[in-house]
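Welcome! Here is a short briefing to read alongside the sequence and the 3D view.

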Protein chains: 2
Amino acid sequence: MHVADPAHEAKYQRLVRDVVIPYQWDALNDRVAEAEPSHAITNFRIAAGLEEGEFYGMVFQDSDVAKWLEAVAWSLCQKPDAELEKTADEVIELIAAAQCEDGYLNTYFTVKAPEARWTNLAECHELYCAGHMIEAGVAWFQGTGKRNLLDVVCRLADHIDSVFGPGETQLHGYPGHPEIELALMRLYDVTEEPRYLNLVKYFIEERGAQPHFYDIEYEKRGKTSYWNTYGPAWMVKDKAYSQAHQPLAEQQTAIGHAVRFVYLMAGMAHLARLSGDEGKRQDCLRLWNNMAQRQLYITGGIGSQSSGEAFSSDYDLPNDTVYAESCASIGLMMFARRMLEMEADSHYADVMERALYNTVLGGMALDGKHFFYVNPLEVHPKTLAFNHIYDHVKPVRQRWFGCACCPPNIARVLTSLGHYIYTVRPDALLINLYVGNDVAIQIDENTLRLRISGNYPWQDQVTIEITSPVPVTHTLALRLPDWCAEPAVSLNGERVTGEVVRGYLYLNRCWHEGDTLTLTLPMPVRRVYGNPQVRQQAGKVALQRGPLVYCLEEADNGANLHNLSLPENSAFRVFEGKGIFAHKMLIQAEGSGYHAKDTDALWQYDRSPVQREPQTLTFIPWFSWANRGEGEMRIWVDEG
Amino acid sequence: MHVADPAHEAKYQRLVRDVVIPYQWDALNDRVAEAEPSHAITNFRIAAGLEEGEFYGMVFQDSDVAKWLEAVAWSLCQKPDAELEKTADEVIELIAAAQCEDGYLNTYFTVKAPEARWTNLAECHELYCAGHMIEAGVAWFQGTGKRNLLDVVCRLADHIDSVFGPGETQLHGYPGHPEIELALMRLYDVTEEPRYLNLVKYFIEERGAQPHFYDIEYEKRGKTSYWNTYGPAWMVKDKAYSQAHQPLAEQQTAIGHAVRFVYLMAGMAHLARLSGDEGKRQDCLRLWNNMAQRQLYITGGIGSQSSGEAFSSDYDLPNDTVYAESCASIGLMMFARRMLEMEADSHYADVMERALYNTVLGGMALDGKHFFYVNPLEVHPKTLAFNHIYDHVKPVRQRWFGCACCPPNIARVLTSLGHYIYTVRPDALLINLYVGNDVAIQIDENTLRLRISGNYPWQDQVTIEITSPVPVTHTLALRLPDWCAEPAVSLNGERVTGEVVRGYLYLNRCWHEGDTLTLTLPMPVRRVYGNPQVRQQAGKVALQRGPLVYCLEEADNGANLHNLSLPENSAFRVFEGKGIFAHKMLIQAEGSGYHAKDTDALWQYDRSPVQREPQTLTFIPWFSWANRGEGEMRIWVDEG
């Protein structure tokens, strides 16, 4: 499979094409009022010698352009747009012009510190930016068939391959922020150049070796430090932050900066599969399991603390001080996708779906122009400005960020959903997600075409229709979601009962045009009970319907959401919302609450038992919260 | 009244005299193994020219010596000790030797930066250290009758009075860390020198004036900054941190660094009373009310966040990330004591008692040699090392601190309890606390002597016996604690029913030797219901018996305390504990819990309702937690 080509496209993919991509192009060119400046395109113009000026922005500002290009590549593949393609080609031309003679490409170093190239891998994101540019080059090639950016990034990759490696004159280093690993694996997929795969192997196996490369380069450059947020050279010293404190084979838990972790693991899983390295496969399984079983939020968020945008420890999942960066859940989808390619186990797809429909969708406003970087499960806006444990939390989505990694990352993942919906394995085509789409997939010498339709995740019926004019014999494996107690599948109206292995229903036959699979995935409202290991959920319950997690918002339920309770036996009413909730299903239940008075004094600390009053509770899909201005929100609700 | 002189002294006062004062003397002289170094005495030796060397420690290191001297003063007043007095006199001699010709006294500036005196009031604690030294001088005079330290601090105060004021050649400044205000008021009490009172008035009224003094001195000294914890010169910029963002008459809420706030308010309340300034009285009432009604923990802790050791906002009272510095609760007692001197309202005494019996006692281990700086209401030790929102929290008390403000502060407050037990007002002697003690109080020309005994706060009977050989006519006002629903008072066996005004029972008569008042203060276990405004307490309940707040500890109840519940109707069993809990009352109740498994996986997020099992819950007085090693603790428990 090269790409999915949705005809019955989801609203979101249309939104990305019509609104998000043009909006982000404006942002990259500093044409959005009230947004943090980007300067990313200007940086390339300066590096290319087309304009005078200073570099501005994060040391990894280039990556915003690369991610935007990748989103454009997938979008063009879904629906051609000559004007957009022309704009992107001009950007590619600009990038090529900013590339150095030797293949090096990075506007920060080219403009600001050409002599300091490759002297600070721990802190300076050079390989990270290269990785994103390589990903864009691969996507542009896959999405449009054009080699212009692919040629640029191959020269870049060749340059990197010359700089890094075991040779005496080479640097024995690896990135502070992983990303190059997964990017080079993707480049290997399209080029089949073994040097790229070997370089990934080198980067991964050097990681955590002693004496430590970050210390060596730190000494060598005279102990200068780029970041001082938590004290001098903290990024050099806190090696677990970059998953570089020990070799990956010895690491037992998901640790450090969450985005770095999942990017690294995505590359490693890809490498483990293609190199057939059982040790690396075991490393992936062990670290996946720790993350998914002990450090994952119900929203598919990861990274429970702001400090270091990092994991905390097993079962420490605070709802209000959580970080759960949008990019981390995108990286989690990327990691899950690689695990699925390695192991046909629906757990990976379940996690991927959880991340997609909750944190990733929630990272963007319904208007496509505002974004969350941090995705809390509980917000009390009145407190945010006063208690510094909430300094990282915003009660509403922002137009752009000084560190703008998340918005273009959301755009590229939503435009490339085909790669997540389907997993092409030699033995079967896994269908993981039920997003509406048309697809054409190469199976040996035939092309299997199919169309998924329905109104997932709102309605329980999904239709998969074969649209290949020529019959194709192959195995389709349909994911039976973890949230669905009683899935049913029929083929051309007849109930089918194939073999279910690790969460997939396998159906092998010769597929003819018009063959129609119907999945019925009943989605009653489910109570998810807080895990007893997680003190922040103890005695609480969350509502989920299909893959969607729900929440209470102040706009519907008034302030002081913490005073609301959902009785054990209350019935749920599911109904379609209005306004911004049109075509979305909302939930109501009879609950109870009590009313705090503004004049309440604490000091007696001598209160009577609280008197509860009946109150109807209204739950909305969590991904759509904060689209009606500022207000309280919470997912986990007291039961009783 | 000058001092209380307990004969039937509480165990704690004995502990302070026998253990705490000698231990802290060793600490100040760097003779405690495994403790953070102090160097405080050495700093004075260097400043006095008796030793060569460098200043070491906090810019306010001197204040540790001053607080220790104050504790010694009160201790000697309770029980003479020639050797201890000799040691203290030698320290006073050393301090006098370190004082400059002009009266200036501060070892940091004298040793390290004599040219920089009074150039950085916002950040450098010069007036704060002076305040503590003045307090020590006053206490030493009041406790021993000796003027040696009083003369030193009068010279210091006179010097400060010459430097600060409205004159053209004077500095129009005031301290970043208030303390001098309350100290000068105490000095005024013993010297009746009006310049001292006027200087307090000046410091308080200049506060928050524009153009801002902190900015002026910052510019003047070339924008240098002493503290950079939260960025350059943050202490200069964040003026609310020092309650200097606006004039006190305009401030509406308790804000900023909690210790600064209560120290400032203690001085201001003292000034308001003596100057009869109604505006300042209203300021005190308004700010007290905001603090006590909306920002006070059930433990008498204040300051709900670590960042800036500061208040947050109304009703934001997190249990686990709280700061609640021991010194802040001591300062709260000081503020409450001044409010009582101004207004005979038992609310102030209720808060004072809450702080004393919970956070202040809890700040010190039962062995008198380990201390808490931060006093959380909930601790989960396994998480502390991983989630940086807990960086300030220690699961067990420490031997000493780099910033050692709290330990000697606890010592001086416990030795000076007489000033909190009694409030001498012209119209009545308020008896606020029922700590066992003997006291002699001057009433006009007579001396009223009385003895309080009983086993407060463990048993419900308190005896107050008149021991004056000569009859004295006066009004005694007995506080009826807020926690007691049905207090009863008898005089010589006969039930009395005097007038109760604002929480005090007023009894006027001619008191004869042997007259005996018996207070019966029934103290059943009380359920304190979480205030609905406080989301961190919603649906939860805490136990209190008498003034003591109770908690669950892992040592008695196992791990995962968040899984325990206390049913609405469970009965309480109160019993005396054993070992370290001998003479302390513990509480048991039938509750329920469920058992988390170490292998619990989160990722399914698809659990059944949790199955509860009966479990006996054991509650201990919170002040005595963490005396059995590291383990979980929590005060607020789910009800149900």
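Buried area is the accessible area, taken with a 1.4 Å probe, that two parts lose on being put together, summed over both. By that reckoning, chain A and chain B bury about 5500 Å² between them, and 50% of this area is on carbon and sulfur atoms. Please keep in mind that this is a predicted model.

**The interface of chain A and chain B**

- On the chain A side, 64 residues take part, and they are in contact with 66 residues of chain B.
- Which kind of pairing does the rule find across this interface, and how many residue pairs are in polar contact? There are 14 residue pairs in polar contact, with both residues at pLDDT 80 or more.
- Salt bridges, by contrast, number zero across the interface of chain A and chain B.
- Four elements of chain A are listed as giving two or more residues to the side that touches chain B: helix 13 (278-294), helix 15 (346-362), helix 16 (381-384) and strand 13 (526-529).
- Strand 13 of chain A gives the most to that side, with four residues.
- Sorted by class, the side of chain A that touches chain B has 24 nonpolar, 24 polar and 16 charged residues.

**How the two copies are related**

- In general, two copies of a chain are related by a rotation about an axis and a shift along it.
- Here, a rotation of 180° with 0.0 Å of shift along its axis superposes chain A on chain B, with an RMSD of 0.0 Å.
- That is the relation of a two-fold axis.
- If you would like a landmark, look for I389(A): its C-alpha is the one in chain A nearest the axis, 3.4 Å from it.
- Both copies use the same surface, as 100% of the contact residues of chain A recur in chain B.

**Salt bridges**

- Over all chains, the rule counts 84 salt bridges.
- One salt bridge joins the side chains of D316(A) and R535(A), at 3.1 Å from N to O.
- D316(A) lies in the loop between helix 13 and helix 14 (326-342) of chain A, and R535(A) lies in the loop between strand 13 and strand 14 (540-545) of chain A, so the pair ties together parts that are 219 residues apart in sequence.

**An annotated domain**

- An unreviewed UniProt entry places the annotation "domain: Non-reducing end beta-L-arabinofuranosidase-like GH127 middle" on residues 429-523 of chain A.
- Helix or strand over that stretch? Residues 429-523 of chain A are 0% helix and 58% strand.
- The end C-alpha atoms of residues 429-523 of chain A are 25 Å apart.

Key
Residues are numbered from 1 along each chain as its sequence is written. Chains are lettered from A and ligands numbered from 1 in the order in which they are written. This is a predicted model: local features need pLDDT of at least 70, side-chain atom pairs count only at pLDDT 80 or more; totals for chains, interfaces and linings use all residues. Side-chain values use heavy atoms; hydrogens and water are left out. UniProt positions are given in the numbering used here, feature names are shortened, and annotations may be inferred rather than shown by experiment. Contact means heavy atoms within 4.5 Å. A salt bridge is a side-chain nitrogen of Lys or Arg within 4 Å of a carboxyl oxygen of Asp or Glu. A polar contact is a pair of N or O atoms within 3.5 Å; within protein, one must be able to donate a hydrogen and the other to accept it, and residues adjacent in sequence count only if both atoms are side-chain atoms. Ala, Val, Leu, Ile, Met, Phe, Trp, Tyr, Cys and Pro count as nonpolar, Asp, Glu, Lys and Arg as charged, and the others, Gly among them, as polar. Copies are superposed by least squares on the C-alpha atoms of residues with pLDDT of at least 70 in both.
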